[in-house]
Each structure stands twice: as structure tokens, then as C-alpha cells.
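Open the model in your viewer and keep the selection panel at hand. This tour goes stop by stop, from the chain pair down to single residues.

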Amino acid sequence: MSGQISRVVVSPKKPWLREATRVRITRVSLYLALILAVVVITFPVLWMLSVSFKPTTDTFSLPPQLIPENFQLDGYIKVLQNETFRTFIINSYLIGLAVTFLSLIIGTLAAFAFSRYRFFGDQAAKLFVIATQMVPTITLLIPFFGVIVWLRLYDTHLGLIVTYLTFGLPYAIIMMNAYLNTIPKDFDEAAIIDGCSPFRVLFSVLLPMATPGLISTAVYTFLLSWNEFLFALALTRSTEMRTVPVGISMLVGEFGLKWDEMMAFSVIGSVPVLLLFMFVQRYVVSGLSAGGVKG
Amino acid sequence: MILKLLRQATPYWFLLPGLFILGTLLSVPLYKVIEYSLYDNVIIEPDPTFVGLQNYADMLGDSGYWSALFNTAVFTIGSVVGHLLVGTILAMLVNADIHPKARTVFRSLLILPWIFTAVVVALNWQLLLNPFGVVNYALQSIGLVSEPLDWLGDPDLAMWSLLIISTWRGYPFIMVSFLSGLQSIPSELYEAADIDGANFFHKFWHVTVPQLKPVIYGVALLDLIWTFQLFPLVWLTTGGGPGRSTEVLSTLTYRLAFVDFEFSRASTAAVTILGISAIFTMLYLINESRNRT
């Protein structure tokens, strides 16, 4: 692939070509390289869609059919009619929304302190928050299990909400801090002169201006919670408490060969994430680069 | 006087809920896991015996631990190199002189691998890399291989397959980070290089790389820290197998804890993951504070 690209980007000076022609050739080859990259990169996703729409018997048919010959919706119908799958999806939404809501509130409060105040220990606290992003989750898993059991939160929604809140908060704080820093302090000062309390300054003055930051933080924490697998697996036991990723992985064990259902459920499980991402991509990308956020 | 103290306390009130949650729910477990590693038969026995550093001594004598450590190094370095390579190339392509609308579309399509949950990524690639799957079909039809390869089931190939999957999954973070870095390089620098007759590679080495340097180091370290402890992707694609050919420290820890129920040994392995991460985190924080001042 690198050979392709270097040929594309290097535009050797060809004196017999007019400047305009050269620019055009470079541009066309740039587009070709990008289209090739997109085809290669998105192929696994296209293939997932393709498999979800054909009978399992056609999954490995040769030659491979990207457009299914025997198009069918059986996988989707079976998944959507199954009450257990609906439970997984509802659980994921419930937990995701709760985590997003709590992370935004608690994270914004902390970000406000970091962004607007200089106080004893502020640098240390900031470093602590950054460092918490780096704690290996697998190291936390064993003792976390004990803590969650001790708090009587094992196999509950609340247990997962609390867990994901701990993972999401550092990002929420860092991203909101970065965003609040971009808002000039003149706004606060004007509000304080008018007699606003710090709370009012934050909620009535700053937050309405920080909407893009709030959106990117919200999407990020929701994604984090929606996609998490390890703790969802270890901290729940009953089928009623499972989330979408664990649900999909359970399918693998149960019906190892029903690729259409597995892929249909994968697609259904990815749709919220895809939609969220497509609509607010702009904000997420800017928030990502502001926060230096987990891949 | 009291009023002044109250006012000085304001930022602490705002910080309190967040720092309380992070402080208790992260610090207590970290303390606990270190304590577990110094005892024998924790969690299973109500009254575990203190054994000091015996678990660590046992672990250092265990060849399984060393091979997991080696695999972790291969997986981490291979993945980070893959992410940097693909991420840089695609960031430069997307940043090239194309229509802004097209740029947005390409960027969103190329970020796609990053947003799927690890389970879906694992399933997708198991399907593609199946002996009867599309990848083998494609390689056979262009004549690169004569027999279908068992990408995930062959101990000699499994790590390579894992690296391909991990590269696909992880490059978007690098791409997005570099993209914003590239956009902040002043175009005058390239124009000056053009006047000096620099070719593409000269410009890349002498303008792009030095300008991106602060971003590259920090982003590569972050990627390293996260890849080093990665669990779901490895567990769900190969499960550490076949045999132990792709067993990394995280899957070893999980296996010891939740398959073998050897929580003391698992905690010991987990503490070493923490220790190595802490070193890289330190490097990252030093770099961050240097960039800030």
C-alpha cells in the first residue's frame, strides 16, 4: 500500500506538462488513493452487513457474494422478536444514558474549578485526573469485583453505572476543561459584577456557550459505556442484566453457526453508535484532539 | 474572615464529587490489588495467609509469565508501529489538497474502525480470516497462497493476524490526532521548502516531522499505554491461543483470575501490568507538563 501512496503524493516535476495539468493529475490520484483506502478499511463493515442479510448457508459460499443472492431479513427478524435481545439493548441504553448524564454533571463541575480557579493543589489534582486515565482496567478488575460485591451492587445496573462513571469521568473533566478554557473569562467577570454566584456563572453563562464541548463529551462517554465489555462481563451474572457487547459474545457460544443472527445483532448493536457518530462527528473530532482521548 | 475562607473553598466544592469518586473507586481497588498480591488464596479463603513477595518470586520462575511478557511486548510494539504508520499515511492523505466536503466524508469513513465495540470487531475478523473466508479467497485467486491459511488457528500466524486486526482497530486515534496537528503547521514552511527545491520526502522529514514532534511523542505514548493493557480484542479474537501463542499479560491475568480462580497469582500479574504502565504514564506526564510550560 505504501508504494501506491508514495507514487500518488510525490509529484515529480515534469516540465513537459503544464502546471494546471500537473495539479489535476495529482488531485485525481489523491482521490483514487483515498477511495482505495476507504474500500480496504470499510470492507470488514460492508462484509458484516452483507452476511447479516443472507442465510447462514451462504456465509462462506464461493465466490463470496458481497451483494447477497438470497437476500433475506431473517437474522434481523429473529433478533428483534427475541425478548432477551431487547433486554440487552434496553440495558445498554439505560446504563449509557445514566453514565453520560452523571459524567457531564460531575465532570463539568470539576472542569469549572480547573478552568476558572487557581487554588492550592490544582496542578497535583489535574495530574491525578490525567493519571487515572492510564490505570490499566485489567488491574482494577479483580479488586473492583470485591468492591462492587461489598457495595451490594453485583449484578445490578447501578454497579455498571458506577463503574463506567469512574472510567468516563477523567475524560469528561479533561475535555470540558479544554473547552471551558476556550471561553474568555470576560463573560464570567461581567456576570459576577451583576451579582451571579459561581453556580449561576457556570450554568447560565458558560454552559450555553459550551454546547459543542458538552455534545462531544456526552457522545464520548456514551460510546465508552455502550462499548465496554470486560466489566460488563465480570460484574453481571443474570441474563436480565447483560449489555449488548456481552449479549453478542454470548450468541457466539450459543449458536456458533448462526452467522446471520450474530451479524444482524452486531449491526443493530452498532447502529446507535454509528448514528451518534455521524451526526456529531465534527464535535467529537475536535473534542478528541482537545482531550487526547482513548482510542 | 469566614466569608473569605468560604470563597477560597469554592473550587474545592466543585471538585469534590469528581475527585471523591475517582479517589475512592480507583485508589481503593489499586491498594487492594497490591495487598492481594502479598497474600495466598485471597478471595476464595476467608482468612488468607500473608506470604510477602513469594507470589512475585513464583511468577518470575514461571515460563508462562515470561512468554506472556514477551508476547505483550511484540503485540504492543507491533500495534503502535502499525497505528503510527497507517495513521500517518491516512492523515496526510486526508489533509492533502482536496475539496473540504470530500475531506469530511473521507475522514468520517476512515474513523469507522474506532467506534465499533471489540466484540463486533472480533466477530468481523473471525469471519474474514476464516479458512473459508474472504481473505483466503482473495489471496488464493491472486495466487499469493496455494492453500487456505488458518490465520487465527495457526500458532505461527495468530500473532500476525492479531497485529493486522489491532492496526485496523487502532489507527484512527493516531490519524485524528495527527490531522489536527498537520492543520496547525503554517503553510509558509512548505512554500519556503518548495522554493528551496525540496521534494516530498525532504518536506516530510524536515518540515512535517519536526513540527509534529510534540504531538507524535505524546500520542504514541498514550497509544502504547492503552495497547499494553488491551484485553477485549485479544481475548475475543484468539483467547490467547492457539496454545499460548498470543497470550498477553492481560489475558493471562484474566485467565488466572476467572478461569483458574487463582486470585493471588492473578493479582501479582496485574500489579506488574500496573507497574509497567506507571513508568510509561510517568513519561507521558513529564512530556505533558513540559509541553504546557
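How many residues of chain B are in contact with chain A? Select them: 80 residues of chain B touch 78 residues of chain A. Bear in mind throughout that this is a predicted model. Its scores are ipTM 0.83 and pTM 0.85.

**Stop 1: the chain B side of the contact**

Stay on the side of chain B that touches chain A. Select residues 2-36 of chain B, which form helix α1. This helix gives the most to that side, with 18 residues. Now colour the chain B side by residue class. You should count 58 nonpolar, 18 polar and 4 charged residues.

**Stop 2: chain B as a whole**

Show chain B alone, as a cartoon. Chain B has 12 helices and 2 strands. Follow the chain along its sequence, and the pattern reads α-β-β-α-α-α-α-α-α-α-α-α-α-α. Is chain B a compact globule or more spread out? Its radius of gyration is 24 Å, well over the 19 Å that the globule rule gives for 293 residues, so chain B is more spread out than a compact globule. Draw a box along the principal axes. The C-alpha atoms of chain B fill roughly 80 × 75 × 30 Å.

Next, colour chain B by burial. Of its 293 residues, 44% are buried. Then turn on a contact map. Take the contacts in chain B between residues at least 6 apart in sequence: 69% of them join residues at least 24 apart.

**Stop 3: confidence in chain B**

Recolour chain B by pLDDT. The mean is 86, and 99% of the residues in chain B reach 70 or more. Where in chain B is confidence lowest, and where is it highest? Select residues 49-50 for the low end: this is strand β2 of chain B, at a mean of 80. Select residues 63-95 for the high end: helix α3 of chain B comes in at 92.

**Stop 4: Ile216 in chain B**

Zoom to Ile216(B). It belongs to helix α9 of chain B, residues 200-228. Is Ile216(B) buried, exposed or partly exposed? Ile216(B) has 19 other C-beta atoms within 10 Å, so it is partly exposed; the cut-off for buried is 20 or more. Now draw a distance to Ile164(B). The two residues are 52 apart in sequence, and their C-alpha atoms are 21 Å apart in space.

**Stop 5: chain A as a whole**

Hide chain B and show chain A. The count here is 13 helices and 0 strands. From the N terminus on, the elements run α-α-α-α-α-α-α-α-α-α-α-α-α. Colour by burial again: 45% of the 295 residues of chain A count as buried. For contacts in chain A between residues at least 6 apart in sequence, 75% join residues at least 24 apart.

**Stop 6: two domains in chain A**

Give residues 2-52 of chain A one colour and residues 76-291 another. These are domain 1 and domain 2 of chain A. The contact between them takes 4 residues from domain 1 and 6 residues from domain 2. On the domain 1 side, the residues divide into 3 nonpolar, 1 polar and no charged.

**Stop 7: the loop between α6 and α7 of chain A**

Go to the loop between α6 (137-150) and α7 (157-181) of chain A, and pick Arg152(A) in it. Most residues other than glycine have a negative phi. Arg152(A) has a positive phi of about 55 degrees, although it is not a glycine. Arg152(A) is exposed, with 10 other C-beta atoms within 10 Å.

Now pick Asp155(A), found in the loop between α6 and α7 of chain A. Asp155(A) has a positive phi of about 60 degrees, and it is not a glycine. With 16 other C-beta atoms within 10 Å, Asp155(A) is partly exposed.

**Stop 8: helix α10 of chain A**

Select residues 211-227 of chain A. Helix α10 of chain A has 17 residues and reaches 24 Å from its first C-alpha to its last, close to the 24 Å expected at 1.5 Å a residue. How many residues of α10(A) are buried? The helix is mostly covered, with 14 of its 17 residues buried.

End on Gly213(A), which sits in helix α10 of chain A. Gly213(A) is buried, with 27 other C-beta atoms within 10 Å. Draw one last distance, to Asn177(A). The C-alpha atoms of Gly213(A) and Asn177(A) are separated by 9.2 Å, with the residues 36 apart along the chain.

Note on methods
Residues numbered from 1 in each chain as written. Chains lettered and ligands numbered in written order. Predicted model: local features only at pLDDT ≥ 70, side-chain atom pairs only at ≥ 80, totals over all residues. Contact = placed C-beta atoms within 7 Å. Helix = DSSP H or I, 4+ residues; strand = E, 2+ residues; numbered from the N terminus. Nonpolar A, V, L, I, M, F, W, Y, C, P; charged D, E, K, R; others polar. Rg over C-alpha atoms; globule rule 2.2 N^0.38 Å. Buried ≥ 20, exposed ≤ 12 C-beta atoms within 10 Å, placed from the backbone. pLDDT = per-residue confidence, 0-100. Domains from an automatic or database assignment. Expected span 1.5 Å × (residues − 1).
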